[in-house]
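Trainee: I am new to this structure and would be grateful for a close look at a single part of it. May I ask for an account that proceeds step by step?

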Amino acid sequence: MSSLKKQILQLATSLIKISSETNNARLQQEIINFIADQLKSFTLERFEKNSRPSLLVYSQKQRPKKFKVILNAHLDVVPGHKNQYLPYVKAGRLYGRGAYDMKTAAAAEIVLFQKLAKKLNYPLALQLVTDEELGGFDGTKHQLQSGVKAEFVIVGEGTELNITTKAKGIYWLKIKVKGKPGHGAYPWRGENAVWKMYRFLSLLKEKYPELRENKWQTTVNIAHMSTPNTTYNIIPDECEVLLDIRYVPEDKDKVLKEIRDLAEFDFEELWLNESIHYVSKTNPYVKRLAYAVDLVTGQPSRFLKREGASDMRHYTDAKIAAVEFGPTGGGIHAANEWVDLESVIKFYKTLERFLTSI
Ligand SMILES: [Zn+2]
């Protein structure tokens, strides 16, 4: 095993052994302290919001106005079985909770940062957060709100060495429609709220058909439907649905209006609004990174579009170009999570080539 692989593996193993599950504030602090200890020769800026610690590491004495590049990683993991915190290597794979999502990538970023940060003639930062699995509001977003800026950001989420340039946004809508109550035997005397909702949902389904295969389109899931009426002979005067809308960046400016226009009634309740992620493939940093991927892997780089979002979207909101780029693995949020160690080395080498070529 190469000494580089050994070094990354050793650090990743130590990180996995700290079971920094999303809701364990004490262990979030412990893992941040553990890493701060490794990076003592750099400037360590500590952030905290709602008891969520995060770190920003750089070689300058004071935080530069704008970093050229930020390498971002999250150190929180979703809950796992006890034995997942005893990582092991088998057939070139490292197994353990967080091996793929995303402590091994974090370890590679740390090792690379230690090697390069002081040699580069531009400001590079390492951003380590502990709340990505909860939405990244107290980590990445908090740092952005505190004035951290960059020209380009790489989030080391697993991508099979592809580059994520787009991710869907989310709207959760609670839609309520009112009717007029009455006796079930005389429908003309009332107004059935369920039929009203049904007409709206039919139009909605025409506009956004229920996909039976993965296509890059806006999707709508009817997550819940209810009426307060529980008996047979009453005309229900109220009906409510919960909609989970995953919209593609191309629909960003029109999706809510289109949905409102379909309804013959007004509704206001927006429960969640998570922005899209988008960066142009012709962005000079994206092109450079793609070129580095080609050189290291010997294969043309591919661009990914994601259904789910990550901390990247906070950068899109702040108008900072960002991508996800990370190693190969499997079992994300599952019992047999693993990362392919050879791909971790390729991840490291690609980042090294990229950072030394810009
Ligand atoms: Zn992740």
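Trainee: How many residues of domain 1 are in contact with how many residues of domain 2? Please then examine helix α5 closely: which of its residues are buried, and which are exposed?

Mentor: Please bear in mind that this is a predicted model. The chain is assigned two domains: domain 1 covers 3–167 + 276–355, and domain 2 covers 172–274. Their C-alpha centres are 39 Å apart. Seven residues of domain 1 are in contact with five residues of domain 2. On the side of domain 1 that touches domain 2, three residues are nonpolar and four are charged, while no polar residue is present.

Let us now turn to the helix. Helix α5 runs through residues 193–207 and has 15 residues. From its first C-alpha to its last it reaches 21 Å, which is close to the 21 Å expected at 1.5 Å a residue. Its buried residues are Ala193, Met197, Phe200 and Leu204. Here a residue is called buried if 20 or more other C-beta atoms lie within 10 Å of its own. Viewed down the axis of α5, the buried residues fall within an arc of 65°, and therefore they line one face of the helix. The general background is that an α-helix has 3.6 residues a turn, so residues three or four places apart point the same way. What covers the buried residues of α5 includes the strands β9 (169–178), β11 (219–226) and β13 (238–247), together with helix α6 (255–262). On the other side of α5, Ser202 and Glu206 are exposed.

Certain details of the backbone elsewhere may also be noted. Asparagine 50 has a phi near 50°, a positive value in a residue other than glycine. Its place is the loop between β1 (43–49) and β2 (52–58), and asparagine 50 is exposed, with 11 other C-beta atoms within 10 Å. Lysine 319, likewise not a glycine, has a positive phi of about 60°. This lysine 319 is found in the loop between α8 (312–317) and β17 (321–325). Lysine 319 is exposed, having 6 other C-beta atoms within 10 Å. Finally, aspartate 101 and methionine 102 are joined by a cis peptide bond, with omega about -15°; methionine 102 belongs to helix α3 (residues 99–116).

How values were computed:
Residues are numbered from 1 along each chain as its sequence is written. This is a predicted model: local features need pLDDT of at least 70, side-chain atom pairs count only at pLDDT 80 or more; totals for chains, interfaces and linings use all residues. Domain bounds come from an automatic or database domain assignment. Two residues are in contact if their C-beta atoms, placed from the backbone, lie within 7 Å. Ala, Val, Leu, Ile, Met, Phe, Trp, Tyr, Cys and Pro count as nonpolar, Asp, Glu, Lys and Arg as charged, and the others, Gly among them, as polar. Helices (H or I, at least four residues) and strands (E, at least two) are DSSP runs, numbered from the N terminus. A residue is buried if 20 or more other C-beta atoms lie within 10 Å of its own, exposed if 12 or fewer, and partly exposed in between; C-beta atoms are placed from the backbone. The expected span of a helix is 1.5 Å times one less than its number of residues. The arc is that of the directions from the helix axis to the C-beta atoms.
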